[in-house]
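Work through the exercises below with the structure open. Try each task before reading its solution.

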Amino acid sequence: MQDYKKEFIDFMLDSNVLKFGDFTLKSGRKSPFFMNAGLYITGTQLMKLGEYYAQAIHNTYGDDFDVLFGPAYKGIPIAVATTIAYQKLYGKEVRYCSNRKEAKDHGDAGILLGSPIKDGDRVVVIEDVTTSGKSMEETIPIVKAQGDITIVGLMVSLNRCERGKGTKGALEEIKDLYEFETNAIVSMKEVIEYLTEKNYLSDDIKQRLDAYYEEYGVQ
């Protein structure tokens, strides 16, 4: 596992973004862990978060893209932070774009905020985490409606490594449905492996993680 992935796992824990305990997800699943990217709230945290995303995107997709699209609401600060970090780390100016939950009919009107998306643009979609892929059902039609564009791929911070709506993982389902690449900075398998090596996880949490992935996990 690359060092930046280990650093990112520690960063999630230090920021109180990744927690272990008892959580009920939107899907109704009872999970022994939860990740809440809304808890990245300080300048230092957002700066580091953007750098981790930028590094993962650069390593995975290279530099051949024009726009980072962050779905409202949590994707907005992630897209902004990553756009800044990408210029800082790699000297490339990319534009950020996000959607509004409701279209604005005055001033800066429309469904988008940030940069417009135009014909020929290559777009990387950036999000915190996806469990069922439901958010992509809202996001992808918005992006594709902007013109003759190419979606290079999706980058999330954590791949939960569990089934989406069917038997495949949520990221794999998105890849199959929309025909673009899907990746994460780290996977939950990598998180568990790293934290087990550090003796961070209690026996109770380990047992509950095993049971959870026995029921919901993917190969």
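**Exercise 1. Is L112 buried, partly exposed or exposed?**

Solution. Start with the ground rules. This is a predicted model, in which local features need pLDDT of at least 70 and side-chain atom pairs count only at pLDDT 80 or more, while totals for chains, interfaces and linings use all residues. Residues are numbered from 1 along each chain as its sequence is written, and side-chain values use heavy atoms, with hydrogens and water left out.

Step 1: locate the residue. L112 sits in strand β5; strands are DSSP runs of E with at least two residues, helices are runs of H or I with at least four, and both are numbered from the N terminus.

Step 2: apply the cut-offs. Buried means under 20% relative accessible area, exposed means over 50%, and partly exposed lies in between (1.4 Å probe, protein chains only). L112 has a relative accessible area of 13%, so it is buried.

Step 3: list the neighbours. Contact means heavy atoms within 4.5 Å. Leaving out residues up to four places away in sequence, L112 touches F69, C97, S98, N99, R100, I117, I142 and Q146.

Step 4: take one distance. From C-alpha to C-alpha, L112 and Y73 are 12 Å apart in space, with their positions 39 residues apart in sequence.

**Exercise 2. Describe how helices α1 and α2 pack.**

Solution. Two packed helices are described by the angle between their axes and the distance between the axes.

Step 1: get both values. The axes of α1 (residues 3–14) and α2 (residues 43–61) come within 11 Å and cross at roughly 150 degrees. Axes are lines fitted to C-alpha atoms, for helices over the stretch in contact, and angles run from 0 to 180 degrees between N-to-C directions.

Step 2: classify the angle. Under 35 degrees is roughly parallel, over 145 roughly antiparallel, 65 to 115 roughly perpendicular, and the rest oblique. The helices α1 and α2 are therefore roughly antiparallel.

Step 3: name the residues. From α1 come Y4, E7, F8 and F11; they meet Q45, K48, L49, Y52, Q55, A56 and N59 of α2. By class, this contact has 6 nonpolar, 3 polar and 2 charged residues. Here Ala, Val, Leu, Ile, Met, Phe, Trp, Tyr, Cys and Pro count as nonpolar, Asp, Glu, Lys and Arg as charged, and the others, Gly among them, as polar.

**Exercise 3. Which parts of the chain does the salt bridge of D121 and R95 link?**

Solution. Side chains of opposite charge can pair when their charged atoms come close.

Step 1: set the rule. A salt bridge is a side-chain nitrogen of Lys or Arg within 4 Å of a carboxyl oxygen of Asp or Glu. By this rule the count is 12 salt bridges.

Step 2: check the pair. D121 and R95 meet at 2.7 Å, N to O. D121 is in the loop between β5 (110–114) and β6, R95 is in strand β4 (residues 95–104), and the two are 26 residues apart. D121 is buried at 3%; R95 is partly exposed at 26%.

Step 3: set another pair beside it. D64 and R122 form a salt bridge at 3.4 Å, N to O. D64 is in the loop between α2 and β3 (67–70), and R122 lies 58 residues away in strand β6 (residues 122–129). D64 is exposed at 51%, while R122 is partly exposed at 27%.

Step 4: add a buried pair. R160 and E162 bridge at 2.7 Å between their closest N and O atoms. R160 is buried at 4%, and E162 is buried at 2%.
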